[in-house]
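Subject: Structure for you to look at

Dear colleague,

I am passing on the structure we talked about, and below it you will find my notes on what turned up when I went through it. Please read them with the model open beside you.

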Amino acid sequence: MAPNLSTGVLYATDKEVASSTIPSDVVKPDDRKAKWVWRNIILMGYLHLAALYGFYLAFTSTKLATTLFAFVMYHLTGLGITAGAHRLWSHKSYKAKWPLTLFLAICNTMAFQDAAVDWARDHRVHHKYSETDADPHNAKRGFFFSHVGWLLCRKHPEVKAKGKGIDVSDLYADPILKFQKDNYLLLMPILAFAIPTAIPMYFWNETFTDAFFSNLMRYAFVLNASWLVNSAAHLFGSHPYDRFINPAENKFVSIFAIGEGWHNYHHTFPWDYKTSELGRFSINFTALFIDIMAKIGLAYDLKTVPEEMIRKRVERTGDGTHELWGWGDQD
Ligand code: ST9
Ligand code: ZN
Ligand code: ZN
């Protein structure tokens with residue numbers, strides 16, 4: 001097993017992926033045929049129509065304060081995913097004192113992307129078996145599947161089989177995450193829908209309709225920004241760090257996913273808290289947030305990659321698009 005220096009996530013070698021394939025009587029040839037979950041299709045369909053209506057209202061009747069509030073919520077809930085579920089809980093790329101963990105868990109619940117322990121389990125499988133059938137959003141199955149299709153059908157049996165080997169006991173040991181998981185069906189509707197709808201109504205007399213649809217617009221926007229990392233950033237962009245993998249550097253995705261589009265770097269060095277080489281000096285609001293948390297003592301043990309290691313990797317496996325290509329004895 002190839003160790004990922006310090007995240008607790010192990011990465012399967014090609015040999016392991018091949019040898020650990022579960023028996024052919026368990027994986028049937030039509031396992032890639034989608035077994036649609038109509039409840040999800042209807043709910044996602046409704047959400048996106050409602051979000052479009054919320055967008056229309058934003059230009060016709062919604063108060064500016066409500067739209068600004070949605071913009072703030074986009075960043076807060078985004079951080080619950082990027083700084084929380086992704087960089088802290090899935091990858092352990094830094095450590096957080098409990099007030100920060102609590103703050104991120106609240107933001108994460110407001111984001112409604114399911115309990116953080118389940119999110120992290122899927123994400124650890126994604127890194128370990130990237131772009132195989134065991135990857136929940138295997139980008140080899142196309143843009144639609146990796147973007148949203150994977151949430152609309154049953155998981156491939158390989159995801160569950162390989163996922164059993166993923167250790168998430170570190171996350172269950174965290175009382176805040178355990179509490180979130182145990183009470184998700186109560187906490188999520190309150191934090192993701194009731195409170196964000198009530199705040200504009202209570203504080204600046206927004207109508208229920210405008211507050212409700214503005215919040216759904218915000219939710220759909222954050223979902224699509226997150227999904228773009230799985231779809232667009234696995235399909236389009238350059239490969240300065242590793243040309244042998246599909247995850248790519250995608251500036252467009254980074255803008256909307258508050259710094260998570262530098263995906264060739266991230267899959268090459270997944271333990272780096274910046275998920276990019278330049279961190280807050282590139283488009284990376286999440287890195288800026290973690291840096292500020294570190295300054296005030298709430299985040300610590302931030303993991304990075306030595307410059308020399310990046311340079312060697314760029315020279316060895318990069319596609320030549322890195323701006324520092326040519327360092328050392330390239331010619
Ligand atoms: C959402 C998630 O949108 C989005 C994730 C995005 C990820 C992006 C990553 C990129 C990096 C970070 C960038 C962030 C950028 C953010 C920018 C923000 C501005 N291992 O799942 P079930 C087993 S959520 C091991 O029901 P089905 C297990 O036993 C949106 N075992 O499978 C499990 O039971 P339990 C809102 C696994 O029946 C059992 O199977 N939520 C694993 O195939 C059943 O699990 C939704 O829409 C595993 N990995 O159903 C809900 N997985 O859990 C969507 C499963 O008790 N989900 N098992 O242990 C569902 O409805 C269902 O999961 C399903 C599959 C229908 C998709
Ligand atoms: Zn990751
Ligand atoms: Zn990825």
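Which residues of helix 15 (residues 285-295) are buried? In this model, which is predicted, they are Thr286, Ala287, Phe289, Ile290 and Met293. These buried residues lie on the same side of helix 15, because the arc they cover around the axis is only 160°. An α-helix has 3.6 residues a turn, so residues three or four places apart point the same way. On the face turned away from the buried side, helix 15 carries the exposed residues Ile292 and Lys295.

As for what the buried side meets, its residues pack against helix 3 (64-90), helix 4 (98-111) and strand 4 (299-300). Leaving aside residues up to four places away in sequence, Ile290 touches Ala83, Tyr94, Tyr273, Ala299 and Leu302. After helix 15 comes Gly297, which has a positive phi, near 85°.

Ile290 also leads into the wider picture, since it is listed with Trp89, Leu104, Ala116, Ala120 and Leu228 as having the most contacts inside the largest nonpolar core, a set of 54 residues. Among the elements that give two or more residues to this core are helix 2 (38-60), helix 5 (116-128), helix 10 (184-204) and helix 15, while helix 11 supplies the largest share, with 13 residues. There is also a second, separate core of 7 residues, which includes Tyr241, Trp262, Phe269 and Val314.

With best wishes

Methods: Residues are numbered from 1 along each chain as its sequence is written. Chains are lettered from A and ligands numbered from 1 in the order in which they are written. This is a predicted model: local features need pLDDT of at least 70, side-chain atom pairs count only at pLDDT 80 or more; totals for chains, interfaces and linings use all residues. A residue is buried if 20 or more other C-beta atoms lie within 10 Å of its own, exposed if 12 or fewer, and partly exposed in between; C-beta atoms are placed from the backbone. Helices (H or I, at least four residues) and strands (E, at least two) are DSSP runs, numbered from the N terminus. The arc is that of the directions from the helix axis to the C-beta atoms. Two residues are in contact if their C-beta atoms, placed from the backbone, lie within 7 Å. A nonpolar core is a set of buried Ala, Val, Leu, Ile, Met, Phe, Trp, Tyr and Cys residues joined through C-beta atoms within 7 Å.
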